[in-house]
Amino acid sequence: MKKIEAIIKPFKLDEVKEELQALGITGMTVTEVRGFGRQKGHKEVYRGAEYQVDFIPKIKIEIVVSSAMVESVVQSIIKSAKTGKIGDGKIFILPLEEVVRIRTGESGDDAV
């Protein structure tokens, strides 16, 4: 099993969700996060005063999948989240030792 974490632009969430549902992904966790990479933030003007915004709003999607599904999930996220501009995001793939469903006590792939 693998945990896939994807950091994407907020307006791409619906497209990514639809692509993942088409693959048969039945669950995900979505978090509003803030950060920066090469984008380095931007300047905004509020009531005539200019200030630097260092952290850009992003969406973090967390999905647990079987090892066999990793490549198709990653390709779907890339396809649906890509704009071709700086700040499109990143995908992290992490090994997952165990998963346990609290309600039933199922573990492993059965809990996913």
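**Second largest pocket**

I began with the lining of the second largest pocket in this predicted model, and I noted that its residues divide into eight nonpolar, five polar and two charged. For the space that this second largest pocket holds, I read a value of about 280 Å³. I then looked up which of its 15 lining residues are the closest to the centre, and I found G27, M28, I63, V64 and V112. When I sorted the lining by element, I saw that β5 gives the largest share, with four residues.

**Largest pocket**

I turned next to the largest pocket, for which I noted a volume of about 370 Å³. This pocket is lined by 15 residues, and those I found closest to its centre are F36, G37, R38, G89 and K90. I checked the classes here as well, and the lining of the largest pocket came out as six charged, five polar and four nonpolar residues. As for the elements involved, I recorded β2 (29–35) and β6 (89–95) as each supplying at least two residues of this lining, and the largest share, three residues, as coming from β2.

**Nonpolar core**

Which residues of the largest nonpolar core touch the most other members? The core has 16 residues, and my list for this question reads I8, I61, I63, V73 and I77. I followed the core back to its elements and found that β1 (2–8), α1 (13–23), β5 (56–65) and α2 (70–81) each supply at least two of its residues, while the largest share, five residues, comes from α2.

I63 appears twice in my notes, since I have it among the core residues that touch the most other members and also among the residues closest to the centre of the second largest pocket.

**Contacts of I8**

I then took up I8 by itself and, leaving aside its neighbours within four places in sequence, I listed its contacts as L13, V16, K58, I59, I61, A81 and D88. One of these partners, I61, stands beside I8 in the list of core residues that touch the most other members.

**K12**

My last entry concerns K12, which I located in the loop between β1 and α1. Is this lysine buried or exposed? K12 has a relative accessibility of 9%, and I therefore count it as buried, the cut-off being under 20%. Leaving aside neighbours within four places in sequence, I found K12 in contact with S80, A81, K82 and T83. A81 thus enters my notes a second time, having been listed above as a contact of I8.

Technical notes:
Residues numbered from 1 in each chain as written. Predicted model: local features only at pLDDT ≥ 70, side-chain atom pairs only at ≥ 80, totals over all residues. Heavy atoms only, no water. Core = buried A, V, L, I, M, F, W, Y, C linked by side-chain atoms within 4.5 Å. Buried < 20%, exposed > 50% of the residue type's maximum accessible area, 1.4 Å probe, protein only. Contact = heavy atoms within 4.5 Å. 1 Å grid on protein atoms, 1.4 Å probe; cavity = no way out; pocket = protein on both sides within 12 Å on 5 of 7 lines; lining within 4 Å. Points joined across faces, edges and corners; volume = space filled by probe spheres on them. Nonpolar A, V, L, I, M, F, W, Y, C, P; charged D, E, K, R; others polar.
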